[in-house]
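Trainee: Please take a close look at one open space in this model with me, and then show me some of what else the model holds.

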Amino acid sequence: MALREPVRVYIGLGANLGDPAATVRSAIAGLAALPHTTLLATSGLYRSTPVDSGGPDYVNAVAALDTRLTAPALLAGLQAQEQQAGRERPYRNAPRTLDLDLLLFGSARIASPALTVPHPRMAGRAFVLLPLAEIAPGLVPPEWLRAVEGQGVWRLL
């Protein structure tokens, strides 16, 4: 497994099928179990209406990790965890049992066919920005929060 110096990363978590709150909590435990990775913080859980998709409301959170994994190795670990949760990808933005998005990988900018970091739609999604601002307020500019004020997102826990 490819390793690097520890880097601070932020992962967006979401689910809207099955028991989404339990799935997100379980996924947080799965992030803590990734090799060469330390879970530092997690936001509360947030309920959000689907954006650019249908289906039931989502449960979302954001987790902060320090990891020695490379970005591709971390992405592979996230995708394996999604598969273990029964994630299927029948079409873009389909309802999902679990979605794990690599939002930030330190200060890296990555543009590859498999991964774009920072996450390209992060700044326009309240369900990412509100939990991210809860655990890392300095990473979320106030103008981003103002721009998403009308989106349907509510803190659960």
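Mentor: Happy to; I will begin with a pocket and then move on to helices, loops and one contact.

This is a predicted model, in which local features need pLDDT of at least 70, side-chain atom pairs count only at pLDDT 80 or more, and totals for chains, interfaces and linings use all residues. Residues are numbered from 1 along each chain as its sequence is written, and side-chain values use heavy atoms, with hydrogens and water left out.

The second largest pocket has a volume of about 180 Å³. A pocket here is an open set of points on a 1 Å grid over the protein atoms alone, where a 1.4 Å probe fits, with protein on both sides within 12 Å along at least five of seven lines; lining residues have an atom within 4 Å of a point. The volume is the space filled by probe spheres set on those points, which are joined across faces, edges and corners. Its lining includes Arg8, Tyr10, Leu104, Met122, Leu139 and Trp144, and also Gly106, Ser107, Ala108, Arg109 and Pro118. By type, the lining holds 7 nonpolar, 2 polar and 2 charged residues. Ala, Val, Leu, Ile, Met, Phe, Trp, Tyr, Cys and Pro count as nonpolar, Asp, Glu, Lys and Arg as charged, and the others, Gly among them, as polar.

Now for the helices (DSSP runs of H or I, at least four residues; strands are runs of E, at least two; both are numbered from the N terminus). In helix H3 (residues 126-135), 7 of the 10 residues are buried, so H3 is largely enclosed by the rest of the structure. Buried means under 20% relative accessible area, exposed over 50%, and partly exposed in between (1.4 Å probe, protein chains only). Phe127, Val128 and Leu129 are among the buried residues of H3. Helix H2 (residues 71-84) also has buried residues, including Leu74, Leu75 and Leu78. After H2 comes Gly86, with a positive phi near 85°.

Two loop residues make a nice contrast. Ser43, in the loop between strands E2 (37-42) and E3 (46-48), is buried at 6% relative accessible area. Ala114, in the loop between strands E6 (110-111) and E7 (116-117), is exposed at 60%. Ala114 and Pro72 are 42 residues apart along the chain, with their C-alpha atoms separated by 8.3 Å.

Finally, the charged end of Arg47 sits over the ring of Trp154, 4.4 Å from its centre. The cut-offs for this are NZ of Lys or CZ of Arg within 6 Å of the ring centre and within 35 degrees of the ring normal.
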